[in-house]
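Got a new structure in front of you and wondering how the labels people put on it are earned? Let's go through a few of them together.

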Amino acid sequence: MSDCIFCRIAAGDIPSACLYEDEHVYAFRDINPQAPVHFLVIPRAHIASMDEISAENSALAAKCLEVIPKIAARLGLSGGYRVISNCGADAGQTVFHLHFHVLAGKSLGERLV
Ligand code: AMP
């Protein structure tokens, strides 16, 4: 989708700090980090949110999840990390292209799951 910022990032039309890419998945650092380490993992294909995951496209979401421990190991996140996907207005989703936030680099505490 040409008007989707994350589609354009995955296509290389908008610069990003890439951490990983393959045929199906793109990962990059969040531009407004909420923790010392904060990156986003997205499918290259446009899926608007968790609400649009179905039997037909769930493999793409799974590929995103498979990439997370690989990046975490490379970044040395041995202390752990938190994975979040905001879905819809109440969750505060602002970019309507499925993405998984990965937050780490400090003790994140026990609040908010
Ligand atoms: P959400 O609120 O869950 O939709 O998260 C969207 C995230 O995308 C936010 O954490 C933003 O900081 C991040 N973001 C928006 N534009 C960019 C960009 N150009 N490069 C990197 N991260 C971005």
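Q: What makes up the lining of the largest pocket, by class?
A: In this predicted model, the lining holds 15 nonpolar, 10 polar and three charged residues. Glycine goes with the polar group under the classes used here.

Q: What makes a residue part of that lining?
A: A lining residue has an atom within 4 Å of a pocket point. There are 28 lining residues, and Asp-30, Asn-32, His-38, Leu-40 and His-101 lie nearest the centre of the pocket. Helix 1 (5-10), strand 2 (25-29), strand 3 (37-43), strand 4 (82-84) and strand 5 (100-104) each give two or more residues to it. Helix 1 gives the most, with three.

Q: How much space lies in the largest pocket?
A: About 540 Å³.

Q: Where does the ligand sit, and how do you know?
A: The ligand sits in the largest pocket. To say that, more than half of its atoms must lie within 2 Å of the pocket's grid points, so the ligand passes that test.

Q: Which residues come nearest the ligand?
A: Asp-30, Asn-86, Thr-94, His-99 and His-101, out of 16 residues around it. By class, that shell has seven nonpolar, seven polar and two charged residues. Helix 1 supplies the largest share of the shell, three residues, and strand 2 supplies at least two.

Q: Why is the pair between the ligand and the side chain of Asp-30 called a polar contact?
A: An oxygen atom of the ligand is 2.5 Å from an N or O atom in that side chain. The cut-off is 3.5 Å, so the pair counts. His-101 also qualifies through its side chain, at 2.8 Å from a ligand oxygen. With Thr-94 a backbone N or O atom is involved, 2.7 Å from an oxygen atom of the ligand.

Q: How much of the ligand does the protein bury?
A: Taken alone, the ligand exposes 500 Å², and the protein buries 84% of that.

Note on methods: Residues are numbered from 1 along each chain as its sequence is written. This is a predicted model: local features need pLDDT of at least 70, side-chain atom pairs count only at pLDDT 80 or more; totals for chains, interfaces and linings use all residues. Side-chain values use heavy atoms; hydrogens and water are left out. On a 1 Å grid over the protein atoms alone, a cavity is a set of points where a 1.4 Å probe fits but cannot get out, and a pocket is an open set with protein on both sides within 12 Å along at least five of seven lines; lining residues have an atom within 4 Å of a point. Grid points are joined across faces, edges and corners, and a volume is the space filled by probe spheres set on the points. Helices (H or I, at least four residues) and strands (E, at least two) are DSSP runs, numbered from the N terminus. A residue is near a molecule or strand if one of its heavy atoms lies within 4 Å of it. A polar contact is a pair of N or O atoms within 3.5 Å; within protein, one must be able to donate a hydrogen and the other to accept it, and residues adjacent in sequence count only if both atoms are side-chain atoms. Accessible areas come from the Shrake-Rupley method with a 1.4 Å probe; for residues, only the protein chains shown count as cover.
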